[in-house]
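Q: Several labels get attached to a model like this one. How do you know that each label is earned?

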Amino acid sequence: MLDFLEVAAKQVLIACSNLLLIGLLFVLLAVLVKGKEVLNQARSAMASGTFNLGWMGLNLLLLMPVAGGLYAFFYSYPIGLIDRSFWYALPEPVVIFAAIFLGDFIGYWRHRFEHSRILWPSHRVHHTDEHMTWLTLQRFHPVNFFTTMIIDTSFLILMGIPPYAVVANNMVRNYYGYFIHADLPWTYGKWSRVFVSPAMHRWHHAANPNAYHTNFATVFSIFDRAFGTYRVPGPCDEPLGVKDSFGKSFAAELLHPFNPKAYSVKKRPKVTQASK
Ligand SMILES: [Zn+2]
Ligand SMILES: [Zn+2]
């Protein structure tokens, strides 16, 4: 029991110091890009930022201890479709790139699945933020956090990806995830055809039916382009969030996936031409 508490306390400490460093970096970036306007924006985003920290705390408490056990469980069984020796024969940077590429491929399809009727009730929390900032990355329902962990990790382990590359992929997705949630108007120009920009992911959060079911990838926009869901008309100044009649308090959002009515909601209207 003491060991468990020690591990949990260490994880919380590491997460908090990481968050402080990342926060400082994004504050600096915001000041450089927006100047004095940052103060007004910070004031209006304060409530949602605190809300997001609440979700982070809950997930740390409930799921971080589970994550270690899950990795140990998967890696203790030889269940890979590709033998791990295949990857160990390759240079580490190649394996890490493959892990990030495959990780984004499965992340793309998992995220599309999260916008289906089955997983939307637990994914909805991530979309209720109307003042999206880098901290929105931490706004996930524990059920959503758990399904993400299971789907993404088990896929990479099935592919035989070694643990060091799975960890590298998680780190890249985490830090790049903060970046694409930051309130930055960057579209990347022609590079937007390869990488997901902050503007591209902001469109994913827009409360505009034309933006529903678009921009699901985290790192490589090529997946959205390949599967017809890419849509970046420019920087996104649209209102963000979800339009439904369900509650948006912490308790209401926490209970939402356990409410049968959440699963009977009509699917969000689909846009046939994602590039519109
Ligand atoms: Zn989403
Ligand atoms: Zn997001």
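A: Start with the metal. Donors are N, O and S atoms within 2.8 Å of the metal. The model itself is predicted.

Q: What makes H111, H115, H123, H127 and H204 donors of the zinc ion (ligand 1)?
A: The cut-off is 2.8 Å. The NE2 atoms of H111, H115, H123, H127 and H204 lie 2.1 to 2.2 Å from the zinc ion (ligand 1). These atoms therefore count as donors. Water is not among the atoms, so the site may look incomplete.

Q: What spacing do the donors of the zinc ion (ligand 1) follow along the chain?
A: The pattern reads H-x3-H-x7-H-x3-H-x76-H.

Q: Why can H111 and H204 be said to tie together parts of the chain?
A: H111 sits in helix α4 (residues 92–114), and H204 in helix α8. The parts they join are 93 residues apart in sequence.

Q: How do you know whether H111 and H204 are buried or exposed?
A: Buried means under 20% relative accessible area. H111 has 6%, so H111 is buried. H204 has 2%, so H204 is buried too.

Q: How far apart are the zinc ion (ligand 1) and the zinc ion (ligand 2)?
A: They are 5.8 Å apart.

Q: What makes the phi of H213 and of N215 worth a remark?
A: The phi of H213 is positive, about 60°, yet H213 is not a glycine. N215 is not a glycine either, and its phi is positive at about 55°. H213 is in the loop between α8 (198–204) and α9 (222–226). N215 lies in the loop between α8 and α9.

Q: Are H213 and N215 buried or exposed?
A: Use the 20% limit again. H213 has a relative accessible area of 11%, so H213 is buried. N215 has 0%, so N215 is buried.

Q: Why is L32 called exposed?
A: Exposed means over 50% relative accessible area. L32 reaches 72%, so L32 counts as exposed. L32 is placed in helix α1 (residues 2–34). Together with V33 and W186, L32 makes a nonpolar surface patch of about 300 Å².

Q: Which residues does the annotation "transmembrane region" cover?
A: The unreviewed UniProt entry gives residues 12–33, 53–74 and 86–109. Such annotations may be inferred rather than shown by experiment.

Q: How much helix do residues 12–33 and residues 86–109 hold in the model?
A: Residues 12–33 are 100% helix and 0% strand, with end C-alpha atoms 31 Å apart. Residues 86–109 are 88% helix and 0% strand, with end C-alpha atoms 25 Å apart.

How values were computed:
Residues numbered from 1 in each chain as written. Chains lettered and ligands numbered in written order. Predicted model: local features only at pLDDT ≥ 70, side-chain atom pairs only at ≥ 80, totals over all residues. Heavy atoms only, no water. Helix = DSSP H or I, 4+ residues; strand = E, 2+ residues; numbered from the N terminus. Buried < 20%, exposed > 50% of the residue type's maximum accessible area, 1.4 Å probe, protein only. Donors = N, O, S within 2.8 Å, 3.2 Å for Na, K, Ca; no water. Patch = residues over 30% accessible without salt bridge, like charges linked within 9 Å, V, L, I, M, F, W, Y side chains within 5 Å. Areas by Shrake-Rupley, 256 points an atom, 1.4 Å probe, with all protein chains shown as cover. Salt bridge = Lys/Arg side-chain N within 4 Å of Asp/Glu carboxyl O.
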